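Work through the two exercises below with the structure in view. Each task is followed by a solution in steps.

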Amino acid sequence: MRLIVANWKMNPISSKRALEIFNQFLRGITISHTEVIICPPFLYLPFLSTKLKKLKEKKIKLGAQDCAFAEKGAFTGEISPLMLKDLGVKFVILGHSERRMILKETDEIINKKLKEALKTGLQPILCIGETIAEREKGKTFLVLENEIKKGLKGISRRDAAKILFAYEPIWAIGKRDSCPVHEVMIEALSIRKILTGLYNKKIAKSAKILYGGSIDSTNVNDYLHNFALQGFLVGGSSIEPKDFVKIVKIAGK
Ligand code: PGA
């Protein structure tokens, strides 16, 4: 089953619009062999969760875009993974490059968040990927290895098997051009190689790897024959209901 994760980032700016987009998703998404996970801003999670609970057909699941590295206490402005779980949230994006680069989130912080999310029973979606400068210097493998090794430090085999990996080359996020399919394939294989070294072949083989970076309804089809991939993390196109519904339909074929 393919997974399509919508990362709304800090959009839209009103709850009214958030509900409209969500309703358009509910009307448009019919395919059950695609798992659709919507990650809206924290503030919209409560009412979207209430809405989902009332529906018989669970064609959409909720995810958060981040969580705290502790379950409660004096952490002003933070959101506990327990609070997310209490709302029925199932997934959490961690280590997104915007948080790594703009908010200076380190691999050590991401590692703590991963552990806390796993302890709570949330399924983490760990984002990894290189900058254009790192790519041009041929350092992509090293970057992925470093982010995976540090991010998963001290995480057991059992817990590692629950983590979803989103390969998101930073230079392909929010652009017109996505990363060429054959390059995504190579990096997905790199991720499996790193996981083999860190854990074992079984974990590496069964790991779910998503690609993110300028996916839309016009290019998603190109990636579907890439058997190294199990789904997509969609940013910009995920707040365009028509485009997103199309992506889900194409990916569900
Ligand atoms: P994009 O964002 O689809 O707008 O490139 C992807 C992401 O940042 O997760």
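**Exercise 1.** Determine how far strand β5 (residues 123–128) is enclosed, and find which strands pair with β5.

Solution.

Step 1. The model is a predicted one. A residue is counted as buried when its relative accessible area is under 20%. Five of the six residues of β5 are buried, so the strand is largely enclosed by the rest of the structure.

Step 2. Look for the neighbour that precedes β5 in the numbering: strand β4 (residues 91–94) runs parallel to β5, and four bridges join the two. Within this pairing, isoleucine 93 has isoleucine 125 of β5 as its bridge partner.

Step 3. Now take strand β6 (residues 164–167), which also pairs with β5 in the parallel sense, over four bridges. Here isoleucine 128 stands opposite tyrosine 167 of β6.

**Exercise 2.** Locate the ligand and identify polar contacts between the ligand and the protein.

Solution.

Step 1. Start with the site: the ligand sits in the second largest pocket. The residues around the ligand include Asn7, Lys9, His96, Glu168, Gly174, Ser214 and Gly236.

Step 2. Search for N or O atoms within 3.5 Å of the ligand's oxygen atoms. On the side-chain part, an N or O atom of histidine 96 is 2.7 Å from a ligand oxygen.

Step 3. Turn to the backbone. A backbone N or O atom of glycine 174 lies 2.6 Å from an oxygen atom of the ligand, and for serine 214 the corresponding distance from a backbone N or O atom is 2.7 Å.

Step 4. Finally, consider coverage: on its own the ligand has 280 Å² of accessible area, of which the protein covers 96%.

Definitions and conventions: Residues numbered from 1 in each chain as written. Predicted model: local features only at pLDDT ≥ 70, side-chain atom pairs only at ≥ 80, totals over all residues. Heavy atoms only, no water. Buried < 20%, exposed > 50% of the residue type's maximum accessible area, 1.4 Å probe, protein only. Pairing = 2+ DSSP bridges. Near = heavy atom within 4 Å. Polar contact = N/O pair within 3.5 Å; in protein donor to acceptor, adjacent residues only side chain to side chain. Areas by Shrake-Rupley, 256 points an atom, 1.4 Å probe, with all protein chains shown as cover. 1 Å grid on protein atoms, 1.4 Å probe; cavity = no way out; pocket = protein on both sides within 12 Å on 5 of 7 lines; lining within 4 Å. Sits in = over half its atoms within 2 Å of the grid points.
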